[in-house]
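Welcome! Here is a short guided tour of one protein structure, written for someone meeting such pictures for the first time. Take a look at it, then read on.

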Amino acid sequence: QVASDRNLTVAVDIHLTPELEKEGKARELVNRIQNQRKDLGFDVTDRIYVFIEEHEMLRHVVNEFKDYICEETLADKIEFKNEILNAQDIELEDIKTKIYLEISPN
């Protein structure tokens, strides 16, 4: 997209690459984890374990952005499981899955 105003012209590439889409999903996952931390009453400094119900696309996202997700959420571990009891349903655009958080024993 291009826009001009007097002597100023700005061009922005609005095409979403697969890499940008994965990064967006990683940011959404961080948001969902942070919201669940708050809902569960965790302290902002609590280290956590994150359990995610198995989802192939989300596994790719987590594998690529694991360091970022862990840093932003204070997660010591992110683990995928086939089934999680007492998990919260989450939706990341076209991905529907469940997550469960617990405070890390460390």
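A residue is called buried when its relative accessible area is under 20%, exposed when it is over 50%, and partly exposed in between. Arg32, at 23% relative accessibility, therefore counts as partly exposed. Keep in mind that this is a predicted model. With that said, let's look at the core, a helix, some charged pairs and a few unusual backbone angles.

**The nonpolar core**

- In soluble globular proteins, nonpolar side chains tend to be buried together.
- The largest nonpolar core here is made of 22 residues, and Leu29, Ile52, Leu58 and Ile69 have the most contacts inside it.
- Helices and strands both contribute: α1 (18-39), β3 (48-53), α2 (56-73), β4 (75-81), β5 (88-92) and β6 (95-103) each provide at least two of the core residues.
- Which element gives the largest share of this core? That is α2, with six residues.
- Leu29 is a good residue to click on: leaving out residues up to four places away in sequence, Leu29 touches Ile52, Leu58, Val62, Ile69, Ile90, Leu92 and Ile99.

**Helix α1**

- The 22 residues of α1 should span 32 Å at 1.5 Å a residue, because the expected span is 1.5 Å times one less than the number of residues.
- The end C-alpha atoms of α1 are 31 Å apart, which agrees with that expectation.
- Several residues of α1 are buried, including Ala26, Leu29, Val30 and Ile33, and charged residues such as Lys25, Glu28 and Arg37 are also on the buried list.
- The buried residues of α1 pack against β3, α2, β5 and β6.
- Just after α1 comes Gly41, with a positive phi of about 75°.

**Salt bridges**

- Side chains of opposite charge can pair when their charged atoms come close.
- How many salt bridges does a search of the whole structure find? It finds ten.
- One of them joins Asp94 and Lys25, whose closest N and O atoms are 3.4 Å apart. This pair links distant parts of the chain, since Asp94 is in the loop between β5 and β6 while Lys25 is in helix α1, 69 residues apart.
- Are the two partners buried or exposed? Asp94 is exposed, at 63% relative accessibility, whereas Lys25 is buried, at 6%.
- Arg32 pairs with Glu28, with 3.5 Å between the closest N and O atoms. Both lie in helix α1, four residues apart, which is about one turn of the helix.
- Glu28 has a relative accessibility of 17%, so it counts as buried.
- Glu79 forms a salt bridge with Lys81, and their closest N and O atoms are 3.2 Å apart. Glu79 is partly exposed at 25% relative accessibility, and Lys81 is partly exposed at 31%.
- Salt bridges with shared partners also join Lys25, Glu93 and Asp94 into one network.

**Positive phi angles**

- Most residues other than glycine have a negative phi.
- Arg6 is not a glycine, yet its phi is positive, at about 55°.
- Where is Arg6 placed? Arg6 is in the loop between β1 (2-5) and β2 (8-11), and it is exposed, with a relative accessible area of 80%.
- Asn86, also a residue other than glycine, has a positive phi near 60°.
- Asn86 lies in the loop between β4 and β5 and is exposed, with a relative accessible area of 71%.

Notes:
Residues numbered from 1 in each chain as written. Predicted model: local features only at pLDDT ≥ 70, side-chain atom pairs only at ≥ 80, totals over all residues. Heavy atoms only, no water. Core = buried A, V, L, I, M, F, W, Y, C linked by side-chain atoms within 4.5 Å. Buried < 20%, exposed > 50% of the residue type's maximum accessible area, 1.4 Å probe, protein only. Contact = heavy atoms within 4.5 Å. Salt bridge = Lys/Arg side-chain N within 4 Å of Asp/Glu carboxyl O.
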